[in-house]
Amino acid sequence: LEQTSAPNPMGSVNPLQVYIFIAAWIWIIGMVILCGYTLISWIKMRHRLAESIPDGDNVYLSDTITSPFVFGILKPKIYLPYHLEEGNRAAVIAHEKAHIARKDHGWKLLGFLVLSVHWFNPLVWVAFILAGKDMEMSCDEAVIRKLGSHVRGAYSASLLTLATGHRIIAG
């Protein structure tokens, strides 16, 4: 590789420059694909949420989603599925409000921008995924702290219900 990549004063192009040029284009194409996919997904989600019904206090109900989440950057809103049981509602809203209070939506955007630039690095992917899991666990802990440890079982059951789509019997 050293001999084939070494500059040749008599040659017209340094082979190392060709490799860097190709690598740069692969990097740019990867960024465009990742950002394009995300933009298309964001537009589709906005269309799915267009018919959401306001339920007060920055909470919206939608029949096109299966789990609650915060959507938006400057004015984030909480979206809940219609099928969410009334007993789980207070804890779920507290969880989503914790995300907004901690500005997780902004941190996720910043993390995604870093991921977009370093999409080729598997450690950045791992860091992005683990940061998302840490945000979720931190909000879960904040809800349990706020509502009291006596809700731990019911709250855990509501998380499992949302994750699996099936009712879980809490003990």
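Student: Let me start with one residue: is Arg89 buried or exposed?

Tutor: Arg89 is buried, with a relative accessible area of 15%. The cut-off for buried is under 20% relative accessible area. Please keep in mind throughout that this is a predicted model.

Student: With which residue does Arg89 form a salt bridge?

Tutor: To read a salt bridge, look for a side-chain nitrogen of Lys or Arg within 4 Å of a carboxyl oxygen of Asp or Glu. Here Arg89 is joined to Asp55, and their closest N and O atoms are 1.8 Å apart. The pair links distant parts of the chain, since Arg89 sits in helix α3 and Asp55 in the loop between β1 (53-54) and β2, 34 residues apart. Asp55 is partly exposed, at 36% relative accessibility.

Student: How many salt bridges does the structure hold?

Tutor: There are 2 salt bridges. The other one to look at pairs Lys97 with Asp57, with 2.3 Å between the closest N and O atoms. Lys97 lies in helix α3 and Asp57 in the loop between β1 and β2, so this pair ties together parts that are 40 residues apart in sequence. Lys97 counts as partly exposed at 34% relative accessibility, whereas Asp57 is exposed at 56%.

Student: What is the phi of Asp57?

Tutor: A good habit is to look for positive phi values in residues other than glycine. Asp57 has one, with phi near 55°. Lys103 is another such residue, with phi near 60°. You will find Lys103 in the loop between α3 and α4. With a relative accessible area of 53%, Lys103 is exposed.

Student: Which residue in the turn between β1 and β2 has a positive phi of about 90°?

Tutor: That is Gly56, in the turn of a hairpin formed by β1 and β2, with 4 residues between the strands. When reading a pair of strands, check the direction and the bridges. β1 and β2 pair in the antiparallel sense over 2 bridges, and Ile53 has Leu61 in β2 as its bridge partner.

Student: How do β2 and β4 run, parallel or antiparallel?

Tutor: They run parallel, and 4 bridges join them. One partnership to find on screen is Ser62 with Pro81 in β4. Next, look at which way the side chains of β2 point. Val59 and Leu61 point one way and Tyr60 and Ser62 the other way, yet all of them are buried.

Student: Let's move on to helices. What span should helix α2 have?

Tutor: Count the residues and allow 1.5 Å a residue, taking one less than the number of residues. Helix α2 has 35 residues (residues 15-49), so its expected span is 51 Å, and its end C-alpha atoms are 51 Å apart, which agrees.

Student: Which residues of α2 are buried?

Tutor: The general idea is this: an α-helix has 3.6 residues a turn, so residues three or four places apart point the same way. In α2, the buried residues are Gly30, Leu34, Met45 and Leu49. What covers them includes β2 (59-62), β3 (69-71), β4 (77-81), α4 (104-117) and α5 (122-147).

Student: What is the nearest side chain of opposite charge to Glu96?

Tutor: For a buried charged residue, look for a partner of opposite charge. Glu96 is buried yet has no salt bridge, and the nearest side chain of opposite charge is Lys108, 8.5 Å away. Glu96 belongs to helix α3 (residues 86-101). Setting aside neighbours within four places in sequence, Glu96 is in contact with Pro68, Phe69, Val70 and Ile78.

Student: How many disulfides are there?

Tutor: Check whether two cysteine sulfur atoms come within 2.5 Å. The count here is 0 disulfides. You can still compare the surroundings of two cysteines: Cys35 is partly exposed at 35% relative accessible area, while Cys139 is buried at 0%.

Student: Finally, how many helices and strands does the protein have?

Tutor: There are 6 helices and 4 strands. From the N terminus on, their order is α-α-β-β-β-β-α-α-α-α. Of the 171 residues, 29% count as buried. For contacts, consider residues at least 6 apart in sequence: 43% of those contacts join residues at least 24 apart.

Note on methods. Residues are numbered from 1 along each chain as its sequence is written. This is a predicted model: local features need pLDDT of at least 70, side-chain atom pairs count only at pLDDT 80 or more; totals for chains, interfaces and linings use all residues. Side-chain values use heavy atoms; hydrogens and water are left out. Buried means under 20% relative accessible area, exposed over 50%, partly exposed in between (1.4 Å probe, protein chains only). Contact means heavy atoms within 4.5 Å. Lys and Arg count as positive and Asp and Glu as negative; His and the chain ends are not counted. Two strands pair if DSSP finds at least two bridges between them.
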